[in-house]
Structure formats: C-alpha cells, structure tokens
Amino acid sequence: MTPKMLLLPILLPAVLAVVLLVIPRTLRLVRDALALAGAAVLLYYGFVFFALKDLRFNVPWLGMGIDFDLRLYHFSSFILLALAGFLILITLYSTVKIKDAPRAREFFAYVFLTAAFANGAVLANNFVPLVFFWEGLLVTLYGLITIGGRPTSGRTAVKALLIGAFCDFSMILGIGLLWTVSGTLTMSQISVEPTGLAAVAFIMMMIGAAGKAGAMPFHTWIPDAAIDAPVTFMAFLPAAFEKLLGIYLLARISLDFFKIRPGSGLAVLLMIVGAVTIVLAVLMALVQKDFKRLLSYHAVSQVGYMILGIGTAIPIGIAGGLFHMINHAMYKSGLFLSAGSVEHRTGTTELKKLGGLRKEMPLTAFGFTVCALAISGVWPLNGFVSKEMVFHGALESGYTIFAIAAWVGAIFTFASFLKAGHSVFFGERTREVPAVKESQPAIVVPILVLAALCILFGVYNKLPLTLFIQPILEGHVEAGAHLNFASHALDIFTPVALISIGCLVLAFLLHRHGFLKTGRKPYLASEPIHNLPVVHKLYDLAEARVFDPYEQGVKVLHGLSLFLFKAIDRPIDFVYEKVVTFAGEKFTAILKKAHNGHYANYLAWCLAGLIIVAGAISLLMK
Amino acid sequence: MIILFVALPLVIAGILPLVGKVSRRVVPDLLANATLLFLLVYAAVAGRHFIAAGPVLQQLSWFGEPVAIRLALDGFSLFMLLAIALVGLAACLFSIDYMEHYGAKANYYALFLVMVAGMNGLVLATDLFSVYLFMEVAAVASYALVAFGLGQDELEAAFKYLMLSVVATAFILAGVAVIFGMTGSLEFAAVAKALQELNAGAVVGVASAFFIMGFGLKAALVPFHAWLPDAHPSAPAPISAILSGLLIKVSGVYAMTRIFLNVFGLTPALSTVLMSLGTLSLVVAAFLALGQKDIKRMLAYSSISQVGYVVLGIGIGTPLGIAGGLFHLFNHALAKGLLFLTSGSVQQATGTRNLDEMGGLAKRMPVTAMTNLVGALSISGVPPLNGFWSKLVIIIALVQAGHPVFAVIAVLASVLTLWYYLLMQRKAFFGKLNEKWAAVKEAPFWMTAATVFLALLCVGIGIFFSSTVTTWIQPAADVLADGIHAAIGSWGF
C-alpha cells in the first residue's frame, strides 16, 4: 500500500462523477451499475484504510508551507469508512428514487463529486487543501438543491450557498489567524493554547465547523431545503455527510488544534450553542405539519447534542458527542429515506393526508419505528447510549443547566416522533391517499440496513465505542484516565438514565393529551403546546422567518442598498447624467455653431492662429 | 535601394491607366495590392536590415551624373514607411470590393499609388524643398481622390480642401524661403548647422510660426482644422482611411516634427506652443465629435482630436514623450483606418452615414461591428488594446516632464473620446435592429478581410506592445530625441 493510494478516495469518485454525467439517459442500467460498483470499491477501500490506519501522502504544492498533504490516521479513516457506507446506501436508494427525475445524471454526478470533496476534506492534513475541498462541497450543495426543481429551489440553493459561504469565510479567516499564531499550515503540527488571538481563531473556525454541521443560527436553509430539495439529498448531505464533516472538524478544532479545557469560556460557549440548538430546533420540529420539514428540524436539533458533548471537554462527553454523530447520521438518514419511501409511493409527505400506512408499507414502517425510537433515545438503541453519555458529560462538567436543556430536548424529540409516527404509519387510514404497495427493495434495503445498525450500535455498543470512538480520544486525556465508556452504557438504574426514561414517559403523556384533546387527530397532537398564549406568537414569528438571520440580513441589505442607491448613487448619477452631459452638449453646440461652412471664416481662424502662434513664440523666446 | 519606395508606386501608377484599358478590374486590383504588399514586406524586412548600421543615404544620379535629389532612411522614416505600407495595404484591399461601383478602378489605383509615392518621398526627403515637393504630389492626388465620386458634395469638399491646402503650402513655402534667405541652403543638415552658428532667434521664430500654420493646416490642428471634417468624409471610405490615418500625419505631423526637432531643434518656446496646440485640438475636437450625427464626420473630428494627442506627446520633447507620441501616431493610423473602413462597409450596406438612422447593425453585420468595436476601444484607450498603451505612455511622460495639468486634460479628453465612441456603437451597432435594415448583409470578403486585418493588428500590438515599441518605435524616437545632431551628424554629405 503506497501513500499514493490515498488519492483513490478523491480521484475515483471525481472521475466517476464526470463519467456519470456523460452517460446518456438510455444507458440508465449502466449508470446505476457503475455508480454502485464505484461506491462498493470506495467502501472496500474504506475498510482497507480503516485496517491500515496510518498513511501519509505529501507533495509540495504552492510553496510557503502550502503542501498537498493527505494524512490517514484513526479518526480520518473512521470518517472515511462512514462516508463510504452512506454513499453506497444513498446510491442504491437513488437508483430507484431518482430514476425518473429530469436531472438524474447531474444528481449522480454531484453525489460522487460531493464524495470526492468530502473524502479530500477528511484526509487533508494541510489547511489549504482542506479549504479547497471544503469549498467544493458548497458547489455541489448548491447544485443538489436546485435539482429539487421547485419554483423556490433556486432561492433556497442560494440561501444555503450564502450561509455556507459565510461560515466558510469565517473558517478561512480563523485559519489565517491560526496560521499567524502557530506559524504552520500542517494540521497535525498545530496545537495552541486558546488565548488572545487564538481564541478568536477558535471561534471563527468553530463557526465554520458548526455551520457545516447545521447548528443554530446557521441552520435556516435546512428546513427550506427539506421542501425544495430531493429527499435523497436530505438523507445524503444534511443528515449524514455534513454532520460527519462538521463534527469531525469541530472535534479536530477543539481536541487537536486548540487545547480546550473543561469549563473554560470557550467550552461553555460551545455548550451554550449546543443547548440552544437542541431546545429551539426541537420546539420548531414539534409543530411541523410536514414529515420532511419535521425531520429537518431534528437534523438541526440533534447537532446540539454533539456540540454539547464536545463542548463539555470531558472524555465521556466528547465520546458521547462523537458517538452521537455517527448514530445520528444513521438514524436520521434512515428517517429521511423512509420519508422518501412514503413520498415515493403516496406522492405526499403532509402529515394530515397520511395515516395507517403500516399495513401497506410494513418494512418502511419498521425501519422508521426503529430509527425514530433511536433518535428519541429509547433503551436499548444507540441513541439512548450516546445521549446518556452526553448527559453524563454535561452533569460532570458542573453546568447542570445544560443537562436539563438536553433532557428538555429529549422530551420534545420523543413527542414529535410520536406525532409523526402516529400520523404516518399508525392511526387511521386516510382517504386522501389511494392504496399503495411497499417500495422496491432498493429503497427498503438501505432503510433496513440503517435500522439494523441502530440496533447493533445500541445493543452491542461496545463494538463501535471501542473500535471507533475511544481511539480518537487516546492521547487527548491524561494518561491512565478512564476510557471505557461501554461498561455502564446500557445501565438503566442510574439516576441519569431514570431521568431520561422519565422524560420519555412525559413525552408520551404529552402526546396522548394532545391527541385526545384535538379530537383524536394525531397530526394535531402538538397543538396544545403550539397554542399556549405567548408561545403561539413566537411560533408565528418563527414561521414568518423573523428569527432567521439570513432573511433578516437580506432585508437589512436590501434597505441598505436602497439607501445607498437613493442617497449616493442617484446624486452622482445625476451629475454624470444631467450636469456633465448638459455642459458637454452646450459646449458642443457652441463649437458647432462656429463651424458654419464659410470658407472665409475658416481662413480667418487660420490667420488668427498664425498671429497668435507667432506672438506666442516671440513672447516665449524672450 | 531606398528609391524603390518612391519609384515603384510611381511607375506602377503610370502603367495602371494603360492596363485599365485592357483589364477593368482583376489586373489593376492585383497590381496595386501587390505593389503595396511589396512595399510592406520591403519596409518590414529589408528596411530594418538597411538601417542596422545607422541611417542610409542615397544620392540619385541620372546616367552617372548626380542630381539634386537625395533620400535618407533612418529609424523615423522607416517607422513612417511601415505605417504607410500597413494602412495603405489595408485600404487597398478594401478597395477591391468597395470601389466596384465607382468605376474607373485603374485610375483610382493610379491616384492612390501616386499619393503613396508622395508620402513615401516626403518621409525620405532630406531637404526642405523636397518636403514641399512631395507634399504637393501627395496632396494633388488626394484632391482628385476626394472628388472621385464626382457628386456635388465631393466636388465642393475637394475644392474647399484644395483652397485651404493651398494656403497651407503657401505659408510653408514662405517659411522655406525665409530659411533659405538666412542660411543659403535647403539641406536639413546644412540648415541645422547654419542655424546653430547664426543664432538668429527672431527670424527662426517667424519661420517657425509659418511652418506651424502650414503644417498645422495639413495636420488639421485646431484652429487650422476646419477643412478636414468636410474633406475626409466626402472621399470614398478607403481614401478617408488614408487621409485621416496617414496623410495628415505624414504631411503634417511628420514634416513638422522632422523640421522642428531635427533641423531647428526644439526650443522650450516651440515645445510650449506645440503642446498647447495639441491640447487645444484634443479637447475642442473631442467636443465637436460628440455633436456629430454623421458617422464619418464624427471619425474626422476624432482624427483632429487624436492628432492633438500625438502633437502633445511629441511636443513634450522628452524621449518618453516622443516615443509615446510616435506610438500613438502609429496606433491611431491603424485604428482610424480601421474605423473609416468599417464606416465604409456600413455606408455601402445601408446607403446612409447618419447615425440616427442606423441601429442594431451588429445583428446583420457581426464582423464589421466587432472590428469597429475594436477600433473604437483602441482609440478610446481601453486596455489591453494598443491605443491604451500609447496614451498611457504620453500621460506618464507628461507627468514625468512636470506637466500635471496637461496630463489631467489628456485623461479627461480620453473619457470624452470613449463617450462619443460608445455613442457611435450604441447608435449604429447595438440596440434594436432598425426595420429598414432587415435585409442588410455583411460586407463582401475583401472589405471584411481588410478590417479584420487591422483589428487583429490593434489587438496584437496591444498585447505585444513592448516588442513593437522596442523594434519600431524606439529607433524612431531615438532619432528625434537626438535633435539636430541626428541631422548634422549623419546626413552631412
């Protein structure tokens, strides 16, 4: 295995993307086979690299310490493997779901290009290649959202692009600052104390990483994209890839590049971002009336747990955050895919129109149920384990308030999934949707694989924790520290676990109350909370995007540009348009009038000119 | 064999009317274009070889007896010969298709070549009287060419042109007489030497004033410019291109520059007068161009304005200023030639020169519109076209020589230039296609070929401007910067 092999996860999908783009529509089967084969090769090499763990590819590139430097080590090989796993599931799913879409070729090309950029970003060991790949992801993000093909898709794509660009810009500035502080761009050599300028660098880079993961307040494009973009895209990028990349970078920032201490100001800042994201996003999720939009707010909310976990800066919290990252990617991807399966057969994802699908789509319903329980943190699924670890970490950090926020999030998460599941798969069959069949195997298999992994990672949590998570923390904690998190992971007779289970019971009661109070309509189960006096107003404002920094920013910029146009541009324009042209035309008119075509006139000018010239010469010569 | 530059076009011009009796079109086309192509290659390839070891002199002899005609080739003359051959060839190619409907093509080419011979001779002349002589050769041919269409306007314009030109030559002759009276010689070298020793300031001043008026009339500097906007637009388009692109520069700017810089020596007084006249032309003519509705009149006023730039640059008297002025002369010859040729294409296609009647022609004549745009942007000084660099050099030279006010005026006038050229673009080529021109077609092959040739030169020189400057402009500027030493040192027989 030569170091050059590290180029394979970048070049193979990139080349494949071009090939997929040019294969004509009529050769669909070839396209699908090629895409699956490519993804399978990547998955195979994902395992190979994971077994290998240590490889470095370094060629000089632009000088000034900017090298094309790729480094495979434990953390990056883990993310690489996870990315490859999601890629093959999404590819398989897309072969059916995207089959008849008008821009299917582009979709496949963008997916593989995304994979190439993501692999490159994960492997990069120099900030400049990292930024290069990171920005490439923005391009494919834009392209993938526009494939949604709805009238507002372009607008949402621009929104995602601008928010992403803002976060990335912040990250680039942070990298620049970090460069000045540390003097190198090689990521594996950087480890600085987060004080002074370095603290600013940390915050700016954190914005980049958290923004990629979709934390508040950089999340607002995700619920819009849930409606405007293909659902496969949601399962692919916001649910899986972006979480993996964003949290990977956040972990690298707070573990490697900066030495974040438990309870320090920056750690608390991270925890605040995490806690706020959990609570606010889940409250938005609770009242959604569309399946995909509901899921998209959870995709935001769950990031909060990861950031909160990493922000504790305590081994068990960090491990919980990272474990939650991989767990979330699995169940949220599974949830989006099952929403896509429902959409595929019924043509809608509005909760009101759906109901009782469990009999017609039993496999999708099963996959959804497992993933929903996992995200809600029900024992003994993976979500339970990682959330417990985050709760423990939050409590150990001494800031009980963050643990409470996390628990509040858990209540509403379960409540909203009870509502969603009840509305779509259980309850009474509605008449809006005609009789449907279960989706094709290519759609169901990825859902079931993800559901099975959720069960596996929960029941046998020792496997992922020892195989994937714990080695990441090695070398970042004091020697001899307790690193075995698997021992008490499924223990339900601890105070923390009991509170969590109490939260779930509370959520169930909330849902039941709402269900009974609104005339046994499950999709209205959240209305009692929605209609609380002040809360209702806030919800209305949120739905009107009053709290969306992007929309507000756009409004402010509109106003500003209007002001500049009226106050500065128009007056200047007036000077050019009216004053200058008027003066010019007047002067021209006078000159033209003098040129009246009379020969004698012209001759007179010549003689006058001669006299003046002669006079001038004689004057000047003296 | 530098006499070839004069003799060859003259001989061909003599043959052409006879040939025209036999072949109306093909042979005259071939013969005229081949002559100009030969002159171009001869100037570009052999010419540089000739002057590799300094200026070349040729004493003409008649059966072994020397006669009083001496020709000299140095960097400055070679540079002018190249410009004449380039623009002349483009105009001549253009004429193949354009002159079809005028008839009498052989006579046209004969006059054309006489004009070229006159300009070439003027550029190679080494004495004041030869300057006058060759100037009249070129001028007489040009009177006939302006009137070539034989319409009411053409004849009136040619007559007006003739009348004011006569005034110019009269004053030039007067100036020559003053110089001869003082120094007893007409040779550049001898005059320069004698004036050095005489130290006769006042009389030289009078002669300078006469020359400025005479050559200023030829070069159409304001206030001696009024004949040009009548004469140039009336001529057939290729002739307009030659008149505006070459003749005013050769018989006006070249002659004036040669005499003032190499023979009289540029005094601060002369420098100031030249710069002032240049600036005055620059500004006044730019405003006048702005007010024109006739595309060729607009181009004619633009020529006055750009000659102002050239005179301003040369008038500074510093090596950089002279180089900038000469470079602009060259660039303007190419670009203005190009613009007049495209205006001819437009006029032939639509039958009008009125900008208000045009509109959207780019859709019907894409090549013409494109080449016209290149020419307009080049003259307006838009990078990376050639005109940008020469204006830049002039402005830098102005600032370096301590004339910031002139520099600012030059920049502002350049904005004016861009203004009227954009106006021309908008009215003629952009915008909605005027219904009247729905059936208009692109110009015939040779016409477009000639314009594309010049447009490519504009772009190419813009991109490779530094090599153009070092190979062609710098040797010419060096001769001028040398002042009277160039004439005394190398031309003394």
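# Close-up views of a predicted two-chain model

**View 1. Helix α18 of chain B, residues 465-481, falls short of the span of a straight helix.** At 1.5 Å a residue, a straight helix of 17 residues would cover 24 Å, whereas α18(B) covers only 21 Å between its end C-alpha atoms. The model is a predicted one, and in it α18(B) carries a kink of about 45 degrees at B:I473, shortly before the proline B:P475. The residue at the kink, B:I473, is itself among the buried residues of α18(B), a list that also includes B:W472, B:A476 and B:A477. Towards the two ends of the helix, the buried residues include B:F465, B:T468 and B:V469 as well as B:V479 and B:L480. After the helix comes B:G483, which has a positive phi near 70 degrees.

**View 2. Strands β1 and β2 of chain B form an antiparallel pair.** Strand β1(B), residues 56-62, and strand β2(B), residues 65-73, are joined over 6 bridges. B:W62 has B:E65 of β2(B) as its bridge partner, and the hairpin leaves 2 residues between the strands, with B:F63 adopting a positive phi near 50 degrees.

**View 3. The largest nonpolar core has 210 residues.** The residues with the most contacts inside this core are B:V87 and B:L122, and the element that gives the most to it is helix α3 of chain B (residues 75-98), with 19 residues. Leaving aside residues up to four places away in sequence, B:V87 touches B:A241, B:I242, B:G245 and B:L246, together with B:A333, B:L334 and B:G337. A second core, separate from this one, has 202 residues, among them A:L70, A:L178, A:A420 and A:F457.

**View 4. Chain A is shown with its 22 helices and 2 strands.** Of the 622 residues in chain A, 52% are buried. When contacts in chain A between residues at least 6 apart in sequence are considered, 79% of them join residues at least 24 apart.

**View 5. Chain B meets chain A through 26 of its residues, which are in contact with 22 residues of chain A.** On the chain B side, the elements that give two or more residues are α6 (152-183), α8 (201-219) and α11 (268-290). Helix α8(B) gives the most to this side, with 9 residues. Sorted by class, the side of chain B that touches chain A comprises 20 nonpolar, 5 polar and 1 charged residues.

Methods:
Residues numbered from 1 in each chain as written. Chains lettered and ligands numbered in written order. Predicted model: local features only at pLDDT ≥ 70, side-chain atom pairs only at ≥ 80, totals over all residues. Contact = placed C-beta atoms within 7 Å. Helix = DSSP H or I, 4+ residues; strand = E, 2+ residues; numbered from the N terminus. Nonpolar A, V, L, I, M, F, W, Y, C, P; charged D, E, K, R; others polar. Core = buried A, V, L, I, M, F, W, Y, C linked by C-beta atoms within 7 Å. Buried ≥ 20, exposed ≤ 12 C-beta atoms within 10 Å, placed from the backbone. Expected span 1.5 Å × (residues − 1). Bend = angle between axes of the 7 residues up to and from the residue. Pairing = 2+ DSSP bridges.
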